[in-house]
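Reader: Please take a close look at one loop of this model and then follow the chain from there into the packing around it. Please state the cut-offs behind each term as it arises.

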Amino acid sequence: MRRVLLRLVFALALPAVLVAVWWVSSAGSEDVYWPPLGTILETFPDVWTADRWRGDVLPSVLRLAAGYALAAVAGVALGTLIGSYRRVRAVCEPVLEFLRAVPPPVLVPVIMLFAGIGDTMKIVVIAAGCVWPVLLNTVEGVRAVDAVMAETARSYGITGVAWLRHVVLRSASPQIFAGLRQALSIGIILMVISEMFAASNGLGFTIVQFQRSFAIPDMWTGILLLGLLGFVLSVLFQLVERRALGWYHGLRAAARRPG
């Protein structure tokens, strides 16, 4: 119980300090673009009503989930294939280095030509940016499978799907989850950017509309909501990661214990 309380204190200490600094530094501000934090918090419930949650927040989250899931499946599948075969990796590596160097926001106009301006375009943009950290981390994780463990598994006749599931993916799973964590933050950024192009709803669209109409406190509430959304998704990801990688965290904890 004490350890949980300490972790909670450490987790909330810095956010509390930052909020206090923001509150004090903005108190009494008459700058149009820098309203007091108290004004922003008072505006928040008036802006983000139930209708706006259904009309803007939910569509954004669904697009993010679809693009992120697509990137996760494609990244793990392609990364496993490329990491497992040296010749495939030698052929694909130059192309992968070229494609991952292209910023996904630059591809938005191109993707709009093929996918239109609907949800498909936004999902593709999110997937196009999220796939790279997943794919590259999967490749490295598959390449780093312990040779002794691999030979031991082969000696016991573990092949095919069982080999892929219990040896390759299990060994590479810490690297895969590291890529998935990076992809989550990229996905939130691309979700907002994609909704700034020819959109009619979504968080990105709404924040831009507030900015263009000079509803600055409303705009700041949207920025706060994005931060809260990122925090909630990060916490959920950590819960899933700890459950999926319980064996890995257990091994690390055991290794840190003194003799």
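Author: The loop in question is the one between H9 and H10, and Phe214 lies in it; helices here are DSSP runs of H or I with at least four residues, strands are E runs of at least two, and both are numbered from the N terminus. The model is a predicted one, in which local features need pLDDT of at least 70, side-chain atom pairs count only at pLDDT 80 or more, and totals for chains, interfaces and linings use all residues. Residues are numbered from 1 along each chain as its sequence is written, and side-chain values use heavy atoms, with hydrogens and water left out.

Phe214 is not a glycine, yet its phi is positive, at about 60 degrees. For comparison, most residues other than glycine have a negative phi. Phe214 is also exposed, its relative accessible area being 56%; exposed means over 50%, buried under 20% and partly exposed in between, with a 1.4 Å probe and protein chains only.

Beyond the loop, helix H10 contains Leu226. Leu226 has a relative accessibility of 16% and therefore counts as buried. Its C-alpha atom is separated by 17 Å from that of Ala215, 11 residues away along the chain. Apart from neighbours within four places in sequence, Leu226 is in contact (heavy atoms within 4.5 Å) with Met191, Val192, Leu203 and Ile207.

Met191 and Val192 lead to the packing of H8 against H10, since both belong to the H8 side of that contact. The axes of H8 and H10 are 11 Å apart and the packing angle is about 160 degrees; axes are lines fitted to C-alpha atoms, for helices over the stretch in contact, and angles run from 0 to 180 degrees between N-to-C directions. H8 is therefore roughly antiparallel to H10, a label for angles over 145 degrees, whereas under 35 counts as roughly parallel, 65 to 115 as roughly perpendicular and the rest as oblique. The crossing of H8 and H10 is right-handed, meaning that the near helix is turned clockwise from the far one by less than a right angle, left-handed being the anticlockwise case. H8 contributes residues including Phe177, Leu180 and Leu184, and H10 contributes Leu226, Leu229, Leu233 and Phe237, among others. The contact of H8 with H10 comprises 12 nonpolar, three polar and two charged residues; Ala, Val, Leu, Ile, Met, Phe, Trp, Tyr, Cys and Pro count as nonpolar, Asp, Glu, Lys and Arg as charged, and the others, Gly among them, as polar.

H8 also meets H3. The axes of H3 and H8 come within 9 Å and cross at roughly 145 degrees, and this crossing is right-handed. Among the residues making the contact are Leu64, Tyr68 and Val76 of H3 and Leu180, Ile188 and Met191 of H8. By class, the contact of H3 with H8 holds 14 nonpolar, three polar and one charged residue.

Tyr68, in helix H3, counts as buried because its relative accessibility is 17%. Not counting residues up to four places away in sequence, Tyr68 touches Ile126, Cys130, Leu180, Arg181, Ala183, Leu184 and Phe237. By contrast, Pro94, 26 residues from Tyr68 in sequence, is 25 Å away, C-alpha to C-alpha.

These elements share a core. The largest nonpolar core (buried Ala, Val, Leu, Ile, Met, Phe, Trp, Tyr and Cys residues joined through side-chain atoms within 4.5 Å) has 55 residues, and those with the most contacts inside it are Trp48, Tyr68, Leu180, Met191 and Leu203. Helices H3, H8, H9 and H10 are among those that each supply at least two of its residues, and H8 gives the largest share, 13 residues.

As for the whole, the protein has 11 helices and zero strands. Of its 259 residues, 36% count as buried. The C-alpha trace spans about 70 × 55 × 30 Å along its principal axes. Among contacts with a separation of 6 or more, 75% join residues 24 or more positions apart.
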